[in-house]
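Please load the model in your viewer and keep the selection tool at hand. The tour moves from strands to helices, one selection at a time.

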Amino acid sequence: MKTRMDLRVALMAIWLLSAAALEDYVRPLPRKTLSFHRKSRHPSQPQQVHISLAGHKQMRISWITDDMYSPAVVEYGTSPGEYTLSCQAETISYNYLFYSSGTIHHAVIGPLEDDTVYFYRCGGQGPEFNFKTPPSKFPVTFAVAGDLGQTGWTISTLDHIGQCNYDVHLLPGDLSYADYRQYLWDSFGNLVQPLASTRPWMVTEGNHEKEIILFFKDGFEAYNARWKMPYEESGSGSNLYYSFEVAGVHVIMLGSYADYGKYSNQYNWLKADLSKVDREKTPWLLALFHVPWYNSNHAHQGEGDDMMAVMEPLLYAAGVDIVFTGHVHAYERSTRVYNGKRDPCGPVHITIGDGGNREGLAQRFKNPKPEWSVFREASFGHGEFKIVNSSHAYWSWHRNDDDEPIQSDTFWINSLASSQCIQKPVLRKILLSS
C-alpha cells in the first residue's frame, strides 16, 4: 500500500511540474471535446493499425489486439480481397504501473513494388486496409506535422493532411500526449489509424514520450513498443534515432532525448550514417528532431543549444537541406543559417510543433526578430514538402483555420547536392575525427 501511495505522489509531482512549464502557452478555444471511452470490440479485432518504412522496398505493419492468442499474421496483395502473400509478425507487450498493454504486433512485408497500392488485413480477420508505397523517383511529397496530441485541433490537422496528396508523413516528436496515462496511447492509435494505415508514418520521440517515473521506469517504454521504426535497418542501436531513404531523399531522424555527446552512440552513428550518403544518388538530405536549434519564441528558449553545439557542424558539413523540428507550439521558418547567422550553405530550419496538442499555442515571440527568421506565426497547422526533382523542392504551410488549398507560407528551395557548399574535405575530416 505504501509503494502504491508513493507512486501516486510521484505522479502528482510530475503533473505539477508539467503544469508549471505551460506558462508560455495560450490555450485556444477548443474545437471539439474528444471521448476516450473504450469502445466494445472483439478481443481479436485489429486496432491502432499503422505502417512505417522498414528498409529497401519493405513496410512494417503494426497493430494491437486485446487477445494475446489472435493470429500474428499479415495477409496482403495488389487486389482487394485477394491476399496472395503473408508474413508472420513479432509480438510484444508491456506493463506500466497498473496498466497492461494489449498484444502489439509488428510484421515486415516485402519486397514491394514502388508507387503501388497494396491491400492487407491483420490477424487473419477484420477490415481490409490499403496503402500506397512511395515512388522510386521524383516527385515525392512529405506531410509534416509535430506535437499532435488528440484534441479537436488535432482532428482538424489530420483532416487537412487527409486532403493532401502525400507519400510519407514526418512527425518530429510528441505523438499522443499520454504523459503516463497509457489508455491515451490506445486512443491516439485509433485516432490516427485512418491516415497512418494508408501512408507510412515516420516519427521520432519528443519529451512527452519520456514517461520516466523516478527509478521505476527508464523511459520511452510505450513509445518504443508501439512505434517501432527502422533503427536496426539503418545500423542504429536505438529506436530513438535512425535514418531511411525514399526516392532520392535521405532522412535522418535524431533523438533530442538520447545522449548526443561527442562520445555517444548517437553521435558515432550519425557520423557513420552521413559518411554513407551518396549525394549523386540521393541529392536531398533532411533531418528531423524534436527540440529546435533556431527558435525566436519565448517558449523552450535555448533548450536545443547543447545538441546544436555538438551536431550542427556535422549537418552543415554534410550539406543538410532542411531541418524540421517541433516542441514549440508555433510555426517558424528560417533562411539558410549556420552558427547563428545567415549562411547560403546552411540548412533551412522549420519549427512545426503546431499539430494540435493539449497545452495551447506559444504566442510570445522575441522582438526584434532575429536576422535568420523569415516567417513566424502561432497557429495550428501542417506543412507539405514536395520535392519536384533532384534540384528543386516546394514547401507550403497551411493553417487549420484556412481551407487546405490555402498556403499561408511558401518558398522554393534548391538542393545543396550540386552546389559548392558540399564541403567534402571538411566533412571527411569531421567524420574521421574522434
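Select β1 and strand β2 (residues 59-65), which pair in the antiparallel sense over 5 bridges; two strands count as paired if DSSP finds at least two bridges between them, and helices (H or I, at least four residues) and strands (E, at least two) are DSSP runs, numbered from the N terminus. Within this pair, pick Q47, which stands opposite I64 in β2. This is a predicted model, in which local features need pLDDT of at least 70 and side-chain atom pairs count only at pLDDT 80 or more, while totals for chains, interfaces and linings use all residues. Residues are numbered from 1 along each chain as its sequence is written, and side-chain values use heavy atoms, with hydrogens and water left out.

Next, widen the selection to the open sheet, where 4 strands follow the order β1-β2-β8-β5 with antiparallel pairing. β1 (47-53) and β5 (90-92) stand at the edges, each with a single partner strand, so one side of each has no neighbour in the sheet. From one strand to the next, the twist averages 20°.

Now add α3, which lies across β1 and β2 and runs at about 60° to β1; angles run from 0 to 180 degrees between N-to-C directions, and axes are lines fitted to C-alpha atoms, for helices over the stretch in contact.

Finally, show helix α2 (residues 152-162) with helix α3 (residues 183-196): they pack at an angle of about 10°, with their axes 10 Å apart. That angle makes α2 roughly parallel to α3 (under 35 degrees; over 145 is roughly antiparallel, 65 to 115 roughly perpendicular and the rest oblique). Colour T154, I155, L158, I161 and G162 of α2 and L191, V192 and L195 of α3, which make the contact (heavy atoms within 4.5 Å).
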